[in-house]
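The exercises below ask you to read burial, contacts and overall dimensions from a single chain. Try each task before turning to its solution.

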Amino acid sequence: SDTLVKFSNDIITSDQYLNRCDFSYPLKKNNISEDSLKKEFLFSLIAEKLWAAECEKMNLDTSKGFQSVLYPVRKFFIVDELFNDEITSKIKITPHDIYDGMSKFRENLKLQILSTTDSVEIYHVYDLLSSGKTLKELPEKISRTNEPIEIIFGQIQDENAENIIYKLSAGYFSKPVSSSGKWFIFKLIERNKKDIIDLSEDAIRMNVEQIIYRRRSSVLENRFRDSLFSPLKIETNGEIFKKLCSVVSEILTDRFNDKNWDTSKAVVLYQSDLDRIFKGVGENNFDKPFILFKKDPLSLRESLLLLPYKPFKIKDPSLNKIVNVFKSYFRYVIEQELLYREAVKNNIQYRRNVQEKISIWKKSFQAGIYSSNVWNSLSKNTLSTPDKTKRLFEETMEKNTASLFGKYNVQINSSLLQDLKISPLNTFTIQHLGFGNELPAFPVIVPYFEWIFRLTKNPLP
């Protein structure tokens, strides 16, 4: 990837520019040329970089508030890299797997299924079937499907069980199969060719590969989770938990009972509710040990930092419902913390690719902190109406950004920018990370380019 923009302390590569423009710039205009759009986005991205650099220089990113914002994102990327190590890297899909999967993909099977948790019972049933007994003559305590059910490739999670089923001939039954803590006998009723005339060979191959990947990923993830979580029992501070649930139930009940609230919609816990939660739980309780790990327990304050990424919306604000919601949430927090600690134990946090992903978000947050600092400073030091303060803020930010452009010696590769091809679509993409987390593909950039006109010499022709 070539360097598009040089700063005295940083660079923007062509890949970075294209990724941010195509996946995190959802406010593109339809009535301007591609050339103008590319320049507008470039100056918006440069502004973010300049504000981030100045934020760091002013030590605005050392506050607890900033670290709290960065905390979840940092943790997600470190845990995601653990997922790559323990799950993704161990998934092997051979050409034979693809060929076999494509053959199975083209067929649907109709089965009758017998099941029980008792291995002795299932083998007794197998002996009865082998001696010529029909399904109707089997003991009633054996669970069975009343009607044949249709099975498609990938529907059964256990690959071994699926392989056995697809090898059966119509009218025949399998030997007992152990899967997911139960025992099964499968009888193939009929085998039908699937109507897939609308799918090309490449499309079928892609579908099959995704099915195999998802299934093997799920098996490996469950196995890894069991090895990490099952020996442990982590508890929370019961007194603080009760206070939290009680306060949140009151907040959401008030909102639900509000005459202006649309009762067909779910009630939501907002960031602005934290002040009331602080008072109700007791601010001194927020930094007491809450999730009681033997080493380095988490406070309630730390435990709630992931809440913006796992928000809950409910239609029943009763205390019992809130208790169940928070039990589920804190179970998630405990799992994420255990995964994070396992990753840190393996020094995953120091890997360059992990640091680069975190850095993109850190700079976006730093830019926001810098902007907020300018606004707060103006609000405190000027006695004017909100409209005047807003205009003064906009003017100050434009002047500051233009000044920072020179301070950080920004140099733009104009010919490279001209050659780049961007998507004209307004897109917002979500990236699915390992162990159940997700984030926007990249931080969103709001158009901000008017500051460039304050420069005596436009850096682009």
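**Exercise 1.** Determine whether glutamate 81 is buried or exposed in this predicted model, and identify what surrounds it.

*Solution.* The relative accessible area of glutamate 81 is 8%. Because the limit for a buried residue is under 20%, glutamate 81 counts as buried. The next step is to place it, and the residue turns out to belong to helix H3. Finally, when neighbours within four places in sequence are left aside, its contacts are Ile348, Arg351, Asn353 and Val354.

**Exercise 2.** Locate asparagine 59 and asparagine 347, and state what is notable about the phi angle of each.

*Solution.* Start with asparagine 59, which sits in the loop between H2 and H3; its phi is near 60 degrees, a positive value in a residue other than glycine. Asparagine 347 is found in the loop between H11 and H12, and its phi is positive as well, at about 60 degrees, although the residue is not a glycine. For asparagine 347 the accessibility can be added: with a relative value of 45%, this residue is classed as partly exposed.

**Exercise 3.** Describe the largest nonpolar core, and say which elements build it.

*Solution.* The largest nonpolar core contains 61 residues, and within it Phe326 and Phe330 have the most contacts. Two or more residues each are given to this core by helix H3 (64-86), helix H7 (201-229), helix H8 (238-257), helix H9 (274-281), strand S9 (289-291), helix H11 (319-345) and H12. The largest share, 13 residues, is that of H11. To see the packing around one of its residues, take phenylalanine 326: beyond its neighbours within four places in sequence, it is in contact with Phe241, Leu244, Cys245, Val248, Leu304 and Phe312. A second, separate core has 43 residues, among them Cys55, Phe393, Leu417 and Tyr448.

**Exercise 4.** Work out the surroundings of isoleucine 277.

*Solution.* Isoleucine 277 is part of helix H9, and with a relative accessible area of 3% it is buried. Not counting residues up to four places away in sequence, isoleucine 277 touches Leu244, Val247, Val248, Ile251, Leu269, Gly282 and Phe286. As a distance check, the C-alpha atoms of isoleucine 277 and serine 246, which are 31 residues apart along the chain, are separated by 9.6 Å.

**Exercise 5.** Which residues of helix H1 are buried, and what covers them?

*Solution.* Helix H1 spans residues 14-23, and its buried residues are Ser14, Tyr17, Leu18, Arg20, Cys21 and Asp22. The cover over these residues includes strand S1 (3-6), strand S2 (11-13), helix H2 (34-57), helix H12 (352-381) and helix H14 (414-419).

**Exercise 6.** Characterise the protein as a whole through its dimensions, contacts, surface and charges.

*Solution.* The protein has 14 helices and 14 strands. Its radius of gyration is 29 Å, whereas a compact globule of 461 residues would have a value near 23 Å; along the principal axes, the C-alpha trace spans about 95 × 60 × 50 Å. Buried residues make up 44% of the 461 residues. Of the contacts between residues at least 6 apart in sequence, 75% join residues at least 24 apart. The exposed area is about 25900 Å², of which carbon and sulfur atoms supply 51%. Lastly, there are 67 positive and 60 negative side chains, and the centres of the two sets lie 3 Å apart.

Technical notes
Residues numbered from 1 in each chain as written. Predicted model: local features only at pLDDT ≥ 70, side-chain atom pairs only at ≥ 80, totals over all residues. Heavy atoms only, no water. Buried < 20%, exposed > 50% of the residue type's maximum accessible area, 1.4 Å probe, protein only. Helix = DSSP H or I, 4+ residues; strand = E, 2+ residues; numbered from the N terminus. Contact = heavy atoms within 4.5 Å. Rg over C-alpha atoms; globule rule 2.2 N^0.38 Å. Areas by Shrake-Rupley, 256 points an atom, 1.4 Å probe, with all protein chains shown as cover. Lys, Arg positive; Asp, Glu negative; His and termini not counted. Charge placed at Lys NZ, Arg CZ, Asp CG, Glu CD. Core = buried A, V, L, I, M, F, W, Y, C linked by side-chain atoms within 4.5 Å.
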